[in-house]
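The following exercises concern the structure shown below. Please attempt each task before reading its solution.

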Amino acid sequence: MPIIIYVKNFIFSKYHHRLIFSFLICTILPLILMGSVLYSITHKIAGDSILNSIILADDQLNIRINNRFNQAEKVSNTIQYDMYSLMQKMSDSREDFAIISNVRDNISLLKSTFDFYHIDIFLDDKNIAASEGLFFHPLSDLRKIGLEDIINSNQKWIYKKQYTLPYVIYNTKNTQDVIACFNVLNNQVSGNTEYVYLVLLRTDELSKMLQDSFESVDLTGYIIDKNGTVISHTSKELIGTKINNIDLNINPDNTIVENSSLYYHIVVLDNGWYHITEIPKNYIFKHIYTLLRTFIIIIFLSVPIILLVIFLLQ
């Protein structure tokens, strides 16, 4: 209290003291108010700018992922023309084996040209090509590898954990997590399945795309199917797990979902799966901190300079 009384007496003791005090109030108070408003505006603009730059980079990644998916679908559609040749009634003639050899060469060329993990074709067990064992297999093998359900599936893409290639290709029997664009032909009259074929991609391929995009930033990206199964992730150990805490019924016009600590940038890919990027809010705050710190320093330096000038000029 004595200090307050002393300051009050000092201010009102002389006219020029009152003048200086009034000048300080009229100068510093607007400066502080203006600084607070500018701080808020700068914080929002800088935050939005950083968020938009991340989304822009994310959109470029989505283009790459969609291009790869569309490439696999186009190859899948191309294979249908070769399948027609194999569906003809075949004997064990030289011409029939020539057809099989020609189709196998075409499949092999597509696989190597577009760098797919493999292309597997499953035919009726009585088809002479089904025993080829390299690209062609009997339909009964679908049950052995746990893919018999795709015959009646209304989807075009699946995720398969620990897929094994034929022994004649990799005799180590190593497995690989894969995604597959598949095609099924069911006979409309008999209801029997004529063939199933899969264009296989490694999940590692998608993981590498995600890791390359987020290599130098503290962000997390992953791809999930409609059931929430993680197809690919920047952390490979999370592939195959379930994501249950994100609402996927998003507005197409607003792909940003927010909670207390994260922004989720959610995009529906061309094959119906979801590419999700987690953007921590503290990542954005960390990057605008330098800008705001500079701004605050300028404000706080301005006040002592103003006071010094006033006392020097009185």
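**Exercise 1.** In which helix is the place of Ile 305? Determine also whether Ile 305 is buried or exposed.

*Solution.* The model is predicted: local features need pLDDT of at least 70, side-chain atom pairs count only at pLDDT 80 or more, and totals for chains, interfaces and linings use all residues. Residues are numbered from 1 along each chain as its sequence is written, and side-chain values use heavy atoms, with hydrogens and water left out.

Step 1. Ile 305 lies in helix H6 (residues 281-313); helices (H or I, at least four residues) and strands (E, at least two) are DSSP runs, numbered from the N terminus.

Step 2. Ile 305 counts as exposed because its relative accessibility is 53%. The classes are buried (under 20% relative accessible area), exposed (over 50%) and partly exposed in between, with a 1.4 Å probe and protein chains only.

**Exercise 2.** Describe the surroundings of strand E5 (residues 193-202).

*Solution.* Step 1. Of the 10 residues in E5, 8 are buried, so that the strand is mostly covered.

Step 2. E5 runs antiparallel to strand E1 (residues 118-123), with 6 bridges joining them; two strands pair if DSSP finds at least two bridges between them. Here His 118 faces Leu 200 in E5.

Step 3. Strand E4 (residues 175-186) also pairs with E5 in the antiparallel sense, over 9 bridges, and Cys 181 stands opposite Val 199.

Step 4. The hairpin of E4 and E5 has 6 residues between the strands, and Gly 191 in this hairpin adopts a positive phi near 80°.
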